[in-house]
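Here's a quick tour of one protein model, from overall build down to a few individual residues. Have the structure open as you read.

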Amino acid sequence: MPEGDFKLAPARTSVVDEALAGLTASRKSLPPKFFYDRTGCELFGAITGLPEYYPTRTERLILGGCMPELAALTPQGAALVEYGASDEGKAAILLDALDLAAYVPIDIAHEALEGLRRRMLRSHPGLPVHPLAADFTDDSCPFSLPRAVRGLPVLGFFPGSTIGNFDPLAARMLLASMRKTLGQGAALLIGVDLRKPEEILVPAYDDAEGVTAAFNLNLLARLNREADADFDLGGFAHRAIWNGKESRIEMHLESLAEQTVHVAGVPVSFRQGETIHTENSYKYTPQRFVSLAAEAGWHGARMWTDPDRLFSVHLLR
């Protein structure tokens, strides 16, 4: 049994219910958390190594450079609490540089957490690891940090600009929820992608090798397995669109023909050209993000960025 407190990931009925809620709406959508089954996690790992996908390598560069300053700002013996920890790649930069007493990876994917725990036993055998399987985006399923880390100073960690997958209202609510979960006096280190020219942004979400397209279409394959759906993946195409007014990249799956798909026996009709909106990735100016964080009760203590100002890492208190 893995060390730590566990909660079950959403049940199959939740996948069906959420899928139908989105697909029967006037504008069809699916929640981006459905991307991350085993295949989705593998595909996303491949995306992070693509030449067009700047966020991962740029964030790693920033994190490596800011570690001496962050170490001076982080109390010794703190617990590192990582949100969306399907792997420990970025957390390892902090784990190796900071004097930490525990690591709490939080993710919806139970299997990914178990793999992470096994790897941590080999790479950091002296560090207590307390995986927590939970949907931290669902306010209806609140959770607490493991008992073993209560009373320790806490540094939250939310890398990858995942905060950009939430519209500003939902992002503010999530940041407020994190503040409550992490507790009084906690800090939060968070990666935030910056607004930049469309010619840089769009290829990052529509790569030449088609890996992002496969990642997007895998969402339908997952529904075929887990929601008794009958999507023909060849009947849909990946689309990445820059919405400058909303300052976001949108990912869609476009129906290539008029068709009807069934999800748990419920028919869902598509017009040719109609899309399923699968993900947003909001891009911020530094000032706008600090303002958003302040609305959720956080104070912007420090910000680091790369020389080209592609990406930013904020320390909030």
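A word on terms before we start: a residue counts as buried under 20% relative accessible area and as exposed over 50%, with partly exposed in between. Keep in mind too that this is a predicted model.

With that cut-off in hand, take Glu-226, which sits in helix H8. Its relative accessibility is 23%, so Glu-226 counts as partly exposed. Glu-226 and Arg-38 are 188 residues apart along the sequence, yet their C-alpha atoms are 13 Å apart in space.

**The overall build**

Zooming out, the protein has nine helices and twelve strands. Its radius of gyration is 20 Å, close to the 20 Å that the globule rule gives for 317 residues, so the protein is as compact as a globular protein of that length. Along the principal axes, the C-alpha atoms fill a box of roughly 60 × 45 × 35 Å.

Of the 317 residues, 52% count as buried. Among contacts with a separation of 6 or more, 70% come from residues 24 or more positions apart. On the outside, the accessible surface comes to about 14,000 Å², and carbon and sulfur atoms account for 52% of that surface. As for charge, there are 31 positive and 40 negative side chains, and the centres of the two sets lie 5 Å apart.

**Two cores**

Now for the inside. In soluble globular proteins, nonpolar side chains tend to be buried together. Here, the largest nonpolar core has 38 residues, and those with the most contacts inside it are Leu-23, Leu-220, Leu-223, Phe-231, Phe-236 and Ile-276. Elements that each supply at least two residues of this core include helix H1 (12-23), helix H2 (38-47), helix H7 (198-204) and helix H8 (211-226). On the strand side, S6 (236-243), S7 (248-255), S8 (259-263) and S9 (266-270) do likewise. H8 gives the most to this core, with six residues.

What does Ile-276 touch, leaving out residues up to four places away in sequence? Its partners include Leu-23, Leu-220, Phe-231 and Phe-236, and among them are also Lys-28, Ser-29, Leu-30, Met-251, His-252, Leu-253 and Phe-270. Apart from this core lies another, of 33 residues, with Ala-79, Val-81, Phe-166 and Ala-186 among them.

**A few loop residues**

Three loop residues are worth a stop. Here is where they sit and how accessible they are:

| Residue | Loop between | Relative accessibility |
|---|---|---|
| Ser-161 | strand S4 (154-158) and helix H6 (168-182) | 6%, buried |
| Gly-210 | H7 and H8 | 26%, partly exposed |
| Arg-309 | strand S11 (300-305) and strand S12 (311-316) | 43%, partly exposed |

Take a look at the backbone of Ser-161: its phi is near 55 degrees, a positive value in a residue other than glycine. Arg-309 also has a positive phi, of about 55 degrees, although it is not a glycine. Is Ser-161 buried or exposed? At 6% relative accessibility, Ser-161 counts as buried, whereas Arg-309 is partly exposed at 43%.

Gly-210 comes in the loop between H7 and H8. Gly-210 and Asp-308 are 98 residues apart in sequence, and 26 Å separates their C-alpha atoms in space.

Key. Residues are numbered from 1 along each chain as its sequence is written. This is a predicted model: local features need pLDDT of at least 70, side-chain atom pairs count only at pLDDT 80 or more; totals for chains, interfaces and linings use all residues. Side-chain values use heavy atoms; hydrogens and water are left out. A nonpolar core is a set of buried Ala, Val, Leu, Ile, Met, Phe, Trp, Tyr and Cys residues joined through side-chain atoms within 4.5 Å. Buried means under 20% relative accessible area, exposed over 50%, partly exposed in between (1.4 Å probe, protein chains only). Helices (H or I, at least four residues) and strands (E, at least two) are DSSP runs, numbered from the N terminus. Contact means heavy atoms within 4.5 Å. The radius of gyration is taken over C-alpha atoms; the globule rule is 2.2 Å times the number of residues to the power 0.38. Accessible areas come from the Shrake-Rupley method with a 1.4 Å probe; for residues, only the protein chains shown count as cover. Lys and Arg count as positive and Asp and Glu as negative; His and the chain ends are not counted. The place of a charge is taken as NZ of Lys, CZ of Arg, CG of Asp or CD of Glu.
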